[in-house]
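Welcome! Here is a short tour for anyone meeting this structure for the first time. Take a look at the sequence and the model, then read on.

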Amino acid sequence: MRRFHLLLLIFVILILSACQSSKQLKPIKEETMDFDLNTAMEMVEKKEKMIIDVALREKVTKVEYKELEKSFTEEFGEYAKNILSILFVHNMDAGPEADRYVQQNTLYPTVFHKGITVTNAVLYKSYFENEFFNQTRLSIKEEYVGDDEKLKDWQREYIFTPNEQGDWELNGFSGVMNFLDEDYNMNYLELKR
């Protein structure tokens with residue numbers, strides 16, 4: 001009987017906790033501000049320069065790949081592995097010392113391709129009664145503005161948040177990262193000069 005009462009008490013506490021946490025935390029103030037497009041373009045260029053430098057190669061050595069992992073992790077944080085997996089062929093039969101081959105049938109659109117540009121940069125801030133919940137994030141959108149029907153509605157959004165030093169750190173993506181098919185490659189779109 002005692003065990004039953006203990007289980008009943010735990011159940012009631014869980015129910016009450018769930019009811020309490022179902023209240024949504026709402027900000028007391030929200031701000032949306034335009035962010036400098038030139039600064040936003042520089043932020044995106046820095047990241048996408050790394051991508052295009054790799055994507056235009058045929059292969060990299062094991063040592064070069066290790067260096068890429070390190071530099072991509074510094075620039076892209078937890079998203080580095082995902083981006084590298086998009087860029088490289090996964091050959092399970094290759095030995096540990098084998099070169100890594102760059103995926104040739106993928107288009108990872110970058111601001112260095114004609115028709116791709118940063119179209120919007122917005123800073124969002126929300127303030128709560130408890131300052132711990134305050135949020136700041138930067139949304140930078142890039143889009144294809146050219147005439148290619150296959151890419152007509154393409155867009156990607158980078159989400160940044162400030163780190164403890166106040167520097168912008170990549171926090172996420174939305175939109176289409178890349179196109180993978182025999183019809184695509186990194187030269188599918190002409191590069192800007």
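Does Lys114 count as buried, exposed or partly exposed, and at what relative accessibility? Lys114 counts as partly exposed, because its relative accessibility is 39%, between the 20% limit for buried and the 50% limit for exposed. Please keep in mind that this is a predicted model. The notes below begin with the overall layout and then turn to salt bridges, the nonpolar core and a surface patch.

**Overall layout**

- The chain contains four helices and nine strands.
- Following the sequence from start to end, you will meet these elements in the pattern α-β-α-β-α-α-β-β-β-β-β-β-β.
- The chain has 193 residues, and 31% of them are buried.
- If you take the contacts between residues at least 6 apart in sequence, 63% of these join residues at least 24 apart.
- About 13200 Å² of the chain is exposed, with carbon and sulfur atoms supplying 50% of that area.

**Salt bridges**

- Side chains of opposite charge can pair when their charged atoms come close.
- In this structure there are eleven salt bridges.
- Lys114, the residue from the opening question, forms a salt bridge with Glu190, and their closest N and O atoms are 3.2 Å apart.
- This pair links distant parts of the chain, 76 residues apart: Lys114 sits in the loop between strand S4 (106–107) and strand S5 (116–127), while Glu190 belongs to the segment after strand S9 (179–180).
- Glu190 counts as partly exposed, with 45% relative accessibility.
- Another salt bridge joins Glu142 and Arg156, whose closest N and O atoms lie 2.6 Å apart.
- Glu142 is part of strand S6 (residues 135–144) and Arg156 is part of strand S7 (residues 155–162), so this pair ties together parts that are 14 residues apart in sequence.
- Glu142 and Arg156 are both buried.

**A bridge between two helices**

- Glu75 forms a salt bridge with Lys46, with 3.7 Å between the closest N and O atoms.
- Because Glu75 lies in helix H3 (residues 62–76) and Lys46 in helix H2 (residues 37–55), the pair ties together parts that are 29 residues apart in sequence.
- What is the relative accessibility of each partner? Glu75 has 15% and counts as buried, whereas Lys46 has a relative accessible area of 53% and is exposed.
- Lys46, Lys47 and Glu75 are joined into one network by salt bridges that share partners.

**The nonpolar core**

- The largest nonpolar core has 42 residues, and those touching the most other members are Phe72, Phe76, Leu87, Phe88, Tyr108 and Ile140.
- At least two residues of this core come from each of H2, H3, helix H4 (80–87), S5, S6 and S7.
- H2 provides the largest share of the core, with eight residues.
- Leaving aside residues up to four places away in sequence, Phe76 touches Lys47, Met50, Ile51, Ile83, Leu170 and Phe173.
- Two topics meet here: Lys47 is touched by Phe76, and Lys47 also belongs to the salt-bridge network with Lys46 and Glu75.

**A nonpolar patch on the surface**

- Leu25, Phe132 and Phe133 make a nonpolar surface patch of about 360 Å².
- Where is Leu25 found? Look in the loop between helix H1 (2–21) and strand S1 (29–34).
- Leu25 has a relative accessible area of 54%, so it is exposed.

Notes. Residues numbered from 1 in each chain as written. Predicted model: local features only at pLDDT ≥ 70, side-chain atom pairs only at ≥ 80, totals over all residues. Heavy atoms only, no water. Salt bridge = Lys/Arg side-chain N within 4 Å of Asp/Glu carboxyl O. Buried < 20%, exposed > 50% of the residue type's maximum accessible area, 1.4 Å probe, protein only. Patch = residues over 30% accessible without salt bridge, like charges linked within 9 Å, V, L, I, M, F, W, Y side chains within 5 Å. Areas by Shrake-Rupley, 256 points an atom, 1.4 Å probe, with all protein chains shown as cover. Core = buried A, V, L, I, M, F, W, Y, C linked by side-chain atoms within 4.5 Å. Contact = heavy atoms within 4.5 Å.
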